[in-house]
Amino acid sequence: MSSNQLDTKSQAWSALFSEPMSELVKRYTASVFFDQRLWQADIQGSLAHAEMLAAQGIISAQDWADIQRGMAQIRAEIESGQFEWKLDLEDVHLNIEARLTQLVGDAGKRLHTGRSRNDQVATDVRLWLRDEIDAIAALLRELQTALVEVAARHVDVILPGFTHLQVAQPVSFAHHLLAYVEMFARDEERLADVRRRTNRLPLGSAALAGTTYPLDRARVARTLGMVDERGEPQLCLNSLDAVSDRDFAIEFSAAAALIMVHVSRLSEELILWMSQNFGFIRIADRFTTGSSIMPQKKNPDVPELARGKTGRVVGHLMGLLTLMKGQPLAYNKDNQEDKEPLFDTADTLKDTLRIFTDMIGGERDPATGQRSGGLTVNREAMEAAARRGYATATDLADYLVKKGVPFRDAHETVAHAVKAATSHACDLSELPLAVLQGFHPLIEKDVYDVLSLRGSLQARNTLGGTAPAQVQAQIERHRARLG
């Protein structure tokens with residue numbers, strides 16, 4: 001058996017160099033201790049490449065069999081924790097190829113025929129990210145389902161709707177939760193779009209200019225599932241772009257940042273709602289902590305930390321954009337810095353979605369699949385808060401408009417009525433009819449139906465409105481979509 005040039009990284013670069021790499025540079029440039037998580041994608045891509053090489057007659061059937069045998073052993077070693085990751089070999093790719101060559105000899109050396117680490121790593125990251133997107137999309141659907149089911153139990157609960165954090169109009173609490181379902185549904189759509197562009201094959205582009213070997217790139221794409229909805233192979237069609245493009249990573253990071261922004265908005269509301277000044281909800285104790293000196297407190301650590309982690313994910317997006325902004329074609333070592341922010345973004349997002357699903361919907365019973373122990377809603381506190389803020393003032397204006405009063409005049413009339421209610425420390429619905437008629441003679445006894453919180457909800461029975469019938473229709477639509 002011939003010597004293994006991959007025993008160390010410096011030997012892998014041939015005899016060109018006159019001195020070994022310094023230990024400091026070796027540590028500075030190595031990525032193996034974070035990119036080793038790509039090992040499954042690396043083996044998957046290498047096997048697809050080797051199968052194609054054999055089919056094209058570039059390597060022998062025996063080489064292909066040996067590569068399969070060696071990769072199976074490497075997989076077993078990694079899964080059992082027995083694989084030795086070597087700093088000298090710099091990254092996941094050289095570590096696996098070096099071990100393969102140790103195991104199967106020259107067949108392992110032939111694996112790299114017609115490819116470069118440039119197209120290899122681009123393929124590995126795309127394969128890894130495709131699986132991460134699928135996992136995140138599934139978690140997004142679970143969170144949406146949890147929100148829908150909590151909403152379904154609270155259609156008739158009245159919450160003060162806010163603008164500028166001032167009480168504006170009464171809404172159904174379910175309607176409010178479903179607004180987040182809409183956000184997360186758009187996030188799911190965005191991820192599907194990112195996945196489509198991620199699922200394209202760079203392999204076969206070699207270092208930057210393509211290769212002289214008769215590769216069948218479409219075959220590799222089909223083997224790896226890099227196909228469209230019709231089963232047509234999806235390939236990166238310019239070798240320079242294929243090895244240097246990281247748009248897919250940036251797109252994913254942008255989609256992830258927006259998901260976290262939506263989580264952060266929800267977090268802010270949960271924090272406000274559970275505070276003593278609001279008292280609208282209670283978060284289960286397992287998602288809160290106490291104070292080191294104030295025994296009466298329960299702190300909403302989970303939503304607060306999610307709000308903070310949003311900045312972390314947004315920062316990763318900015319880092320990736322900055323990473324790419326000055327790079328000339330084609331591949332540059334800068335691109336090694338794409339992995340840690342990408343990995344951390346995916347990890348942070350998955351953890352956040354899991355914990356929010358449990359916090360809102362409750363923990364799932366493995367036996368029944370049902371959730372319990374999620375948000376506890378204080379409907380009395382919500383309704384009382386809606387009454388305090390003159391939330392039906394707009395309904396009084398609409399009442400007058402329907403009787404022929406121009407809207408601007410009705411608006412001014414109601415402002416005077418609210419001023420009177422404020423001075424008497426009562427709600428509009430508590431003002432005597434005679435007082436209300438003093439503001440406008442067209443006001444009659446039926447005005448009290450309009451001024452009730454439930455009357456206000458029922459009146460907004462337009463598509464997308466907060467009327468219980470419309471909210472129930474929203475719930476059924478989401479249930480059908482989410483299956």
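Mentor: Residue classes, to start: Ala, Val, Leu, Ile, Met, Phe, Trp, Tyr, Cys and Pro count as nonpolar, Asp, Glu, Lys and Arg as charged, and the others, Gly among them, as polar.

Trainee: Okay. What sort of model is this?

Mentor: A predicted one: local features need pLDDT of at least 70 and side-chain atom pairs 80 or more, while totals for chains, interfaces and linings use all residues. Residues are numbered from 1 along each chain as its sequence is written, and side-chain values use heavy atoms, leaving out hydrogens and water.

Trainee: How many cavities of 30 Å³ or more does the structure hold?

Mentor: One. A cavity is a set of points on a 1 Å grid over the protein atoms alone where a 1.4 Å probe fits but cannot get out, and lining residues have an atom within 4 Å of a point. Points join across faces, edges and corners, and the volume is the space filled by probe spheres set on them.

Trainee: And how much space lies in the largest cavity?

Mentor: About 30 Å³.

Trainee: Which residues line the largest cavity?

Mentor: His-49, Met-52, Leu-201, Leu-203, Gly-204, Leu-215, Arg-217 and Val-220. Two elements, α4 (39-55) and α10 (217-223), give two or more residues each to that lining. Helices here are DSSP runs (H or I, at least four residues), strands are E runs of at least two, and both are numbered from the N terminus.

Trainee: What's the class mix in the lining of the largest cavity?

Mentor: Five nonpolar, two polar and one charged.

Trainee: Back to His-49. Is it buried or exposed?

Mentor: His-49 has a relative accessible area of 1%, so it is buried. The cut-offs are under 20% for buried and over 50% for exposed, with partly exposed in between (1.4 Å probe, protein chains only). His-49 belongs to helix α4.

Trainee: What does His-49 touch?

Mentor: Leaving aside residues up to four places away in sequence, His-49 touches Leu-111, Thr-113, Gly-114, Arg-115, Leu-203 and Val-220. Contact means heavy atoms within 4.5 Å. Two of those partners, Leu-203 and Val-220, also line the largest cavity.

Trainee: New topic. How much space lies in the largest pocket?

Mentor: About 370 Å³. A pocket is an open set of points with protein on both sides within 12 Å along at least five of seven lines.

Trainee: Which residues lie nearest the centre of the largest pocket?

Mentor: Out of 18 lining residues, Phe-162, His-176, Tyr-180, Arg-265 and Glu-269. At least two lining residues come from each of β1 (158-163), β2 (166-172), α9 and α12 (247-274). By class, the pocket lining has ten nonpolar, five polar and three charged residues.

Trainee: You mentioned β2. Is Gln-166 buried or exposed?

Mentor: Gln-166, in strand β2, is at 51% relative accessibility, so it counts as exposed. Its C-alpha is 9.7 Å from that of Ala-391, though the two are 225 residues apart in sequence.

Trainee: Now α14. How many of its residues are buried?

Mentor: 17 of 23, so the helix is mostly covered. After α14 comes Gly-362, which has a positive phi, near 100 degrees.

Trainee: I've got Thr-352 on screen. Which helix does Thr-352 lie in?

Mentor: That same α14, residues 339-361. Thr-352 counts as buried because its relative accessibility is 5%.

Trainee: What does Thr-352 touch?

Mentor: Met-260, Val-263 and Ala-306, again not counting residues up to four places away in sequence. Val-302 is 50 residues from Thr-352 in sequence, with 8.9 Å between their C-alphas.
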